[in-house]
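Me: I would like to go through a structure with you. May I put some questions about it?

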Protein chains: 2
Amino acid sequence: MMMDARKFRILQAIIDDYILTAIPVGSRTISKKYEMGLSSATIRNEMSDLEELGYLDQPHVSAGRIPSAKAYRLYVDQLLERGVIPTGESESIHSYFEDRSRQMEDVINHAAKVLSGLTHYTSLVLSPKGQELRIRNLQLVPVSSTHALVVIVTDGGIMRDMVVEVGEGLDADALYAISRTLTERLSGMTLSEAQQALAGGSGDMHHHHRRLADNVAHFMGQAGSTSKAKLALGGPSNILNFPEYSDVEKAKGFLSVLETKDKLVDLLESQGEMAFTVRIGPETGIPELSDCSLVTATYRLGDNNHGTIGVIGPTRMHYGQVLSILNAMGQQLSILLGQYKE
Amino acid sequence: MMMDARKFRILQAIIDDYILTAIPVGSRTISKKYEMGLSSATIRNEMSDLEELGYLDQPHVSAGRIPSAKAYRLYVDQLLERGVIPTGESESIHSYFEDRSRQMEDVINHAAKVLSGLTHYTSLVLSPKGQELRIRNLQLVPVSSTHALVVIVTDGGIMRDMVVEVGEGLDADALYAISRTLTERLSGMTLSEAQQALAGGSGDMHHHHRRLADNVAHFMGQAGSTSKAKLALGGPSNILNFPEYSDVEKAKGFLSVLETKDKLVDLLESQGEMAFTVRIGPETGIPELSDCSLVTATYRLGDNNHGTIGVIGPTRMHYGQVLSILNAMGQQLSILLGQYKE
DNA sequence: GTTAGCACTCATCGCAGTCGAGTGCTAACA
DNA sequence: TGTTAGCACTCGACTGCGATGAGTGCTAAC
């Protein structure tokens, strides 16, 4: 048995209806509501076939059918093939960023809020990871007589800071001098390159201030590591709006995953450079999210940097709308965060 | 009718039992489990009195009694009067901070995690507000040809940073010179004093770089305002462990409040300088939290700064234990964050 | 003042019965 | 050969009801 055009149309109708209502869809519903020109009996036969093909599940014998993960996969693939509808969203999203803050973190947080507000799902916004960023400026700011704050400005405009121990007896001017030297030496390198350069330890300065150099190198290792990418969550409790999660146990599982952000970051990072990724149910690889879908998109920042935005919701998600909003939001973020670029 | 010692003992037993089990407490339970040397009938009479006095509520006529907010209030007040039990918690909490990060934000986040882990409630950790901090150092780090990052180090060791617009044609050295001048002028002032000093606008520099000065002043206003205090949440989903919140609607209300952090910050800040505050049910002033209690404590940072830590849970909270843990955690935070002090 | 006894209340649980949405199958029809 | 009407069947959801039992309030005796 094969999937033909009619089967596909019926499947589509079932998915649409289930996305809307979250109620198992019966043959009569499809026949009447979606004007197929077919009787419920025919639909029934087709549905039986679709079930055999693995596109539909039946919670119990006297209930309607619900789409399987495989069905959503097909649905989404079609959607992506046909291209996403980039509606007027873009403009409306733009308006949410009127008071454009320049702080990476603020932008990330705000974006997450806007995203969850627009989609009514839980949203995730991951800042670009530092790995690929190139250093533009490095400066040490004295904090105490023994510690200094490292500030690094990169071509993405992202700054990370950390307190490092410096040797005794370095006043503000000395630190500034060192900062200038370091900036000169390291400018244009990525964080990991710079880390190596420092660890390699040629140059005058390094002999005098080995400790300082080591600490700064260590910091770069940390800042450059993916784990340091900032993750903002939007509307975690949105999930509770969906009947799928009216069970407290399930909701707790979901929220717990959100709390341990590490897994999420890994998941988001694994997207790589793809414009869009849709993970349906078990495809997320996280048991607690096995009846959720995760839709992610990347936004570009500079030539070799990207961050990730995403939305988590029940598998019966408004994929089309979500993709469209993510698309618009990605563009907006690229613009907002790209404004440091010279 | 008055509250006498025996009534109080009975009330205490009821509260203890209800905190443990979340099940309405009957007269027989008290008479047997708590060895009052009184029959259930006597307890019943006393309970009836306690209800009349407003310390007990009855969900329905054939159920046991549950403590009212007024009862918890009495309970807590007694607890506070007698002094909190500062057990060995302090040591165990210390051990959670082995890898002492120096980043304010990391410490705050970690503290929230530890706090929610220890108490099994939802925890809140609010960083000290910048208002009272005194500037020790101010530095401008070039970000682009037109923007610079302001970094301020204060005597609390707290740094806030923000990108401000500077005039054209200022290179790194020029910015450093300005930074030195500003540090000299502003060092020792609080943020708001510094803001005024800058706005006042005497001094050579200000005429040349009015724009820059204005922007820095504006930043100080922001950084110093209470709204900028960082709030970390720990274990938001912990609330779902309690049967009180097995209703999804209630849980959603609770979690929504957590998402809009502003209200929480206000609530935490309103504690003022008190060592401990306990808000029971309606006392929180937030409808969604009307059957929660919020226990907060302050931790000191320097002479005139303090942050707030707190725990939110159901009204039937383990007040004694929570107070003890908050106490220990407060001390630990004071130590950790105070380590920049010269 | 305390307690035993008793009638009363009321939430909870289990159970049988009903209802109805939805199915699968068969037979007739185009 | 594909479509449809009809019908028996399934099974979850809901309803009503009696039994159960925890817990109370009241009264009378100690």
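Reply: Certainly. A salt bridge is a side-chain nitrogen of Lys or Arg within 4 Å of a carboxyl oxygen of Asp or Glu. In this predicted model, E249(B) and K252(B) meet in such a salt bridge, at 3.5 Å from N to O.

Me: Where do E249(B) and K252(B) sit in the chain?

Reply: Both lie in helix α11 (residues 248–259) of chain B, and being three residues apart, they are separated by about one helical turn.

Me: And is K252(B) buried or exposed?

Reply: K252(B) is buried, because its relative accessible area is 18% and buried means under 20%.

Me: Which residue forms a salt bridge with K250(B)?

Reply: D291(B) does, with the closest N and O atoms 3.3 Å apart. This pair links distant parts of the chain, 41 residues apart: D291(B) is in the loop between β8 (276–280) and β9 (292–300), whereas K250(B) is in helix α11.

Me: What about D173(A) and R180(B)?

Reply: Their side chains meet in a salt bridge of 2.4 Å, N to O. D173(A) lies in helix α7 of chain A and R180(B) in helix α7 of chain B, so the pair joins two chains.

Me: Changing topic, which residues come nearest to DNA strand D?

Reply: Of the 21 residues around the strand, the nearest are R6(A), T42(A), V61(A), S62(A) and S27(B). A polar side-chain atom of S27(B) lies 2.6 Å from a phosphate oxygen, while a side-chain N or O atom of S62(A) is 3.2 Å from a base oxygen.

Me: Which element gives the most to that surface near DNA strand D?

Reply: That is α3(A), with four residues.

Note on methods. Residues are numbered from 1 along each chain as its sequence is written. Chains are lettered from A and ligands numbered from 1 in the order in which they are written. This is a predicted model: local features need pLDDT of at least 70, side-chain atom pairs count only at pLDDT 80 or more; totals for chains, interfaces and linings use all residues. Side-chain values use heavy atoms; hydrogens and water are left out. A residue is near a molecule or strand if one of its heavy atoms lies within 4 Å of it. A polar contact is a pair of N or O atoms within 3.5 Å; within protein, one must be able to donate a hydrogen and the other to accept it, and residues adjacent in sequence count only if both atoms are side-chain atoms. Buried means under 20% relative accessible area, exposed over 50%, partly exposed in between (1.4 Å probe, protein chains only).
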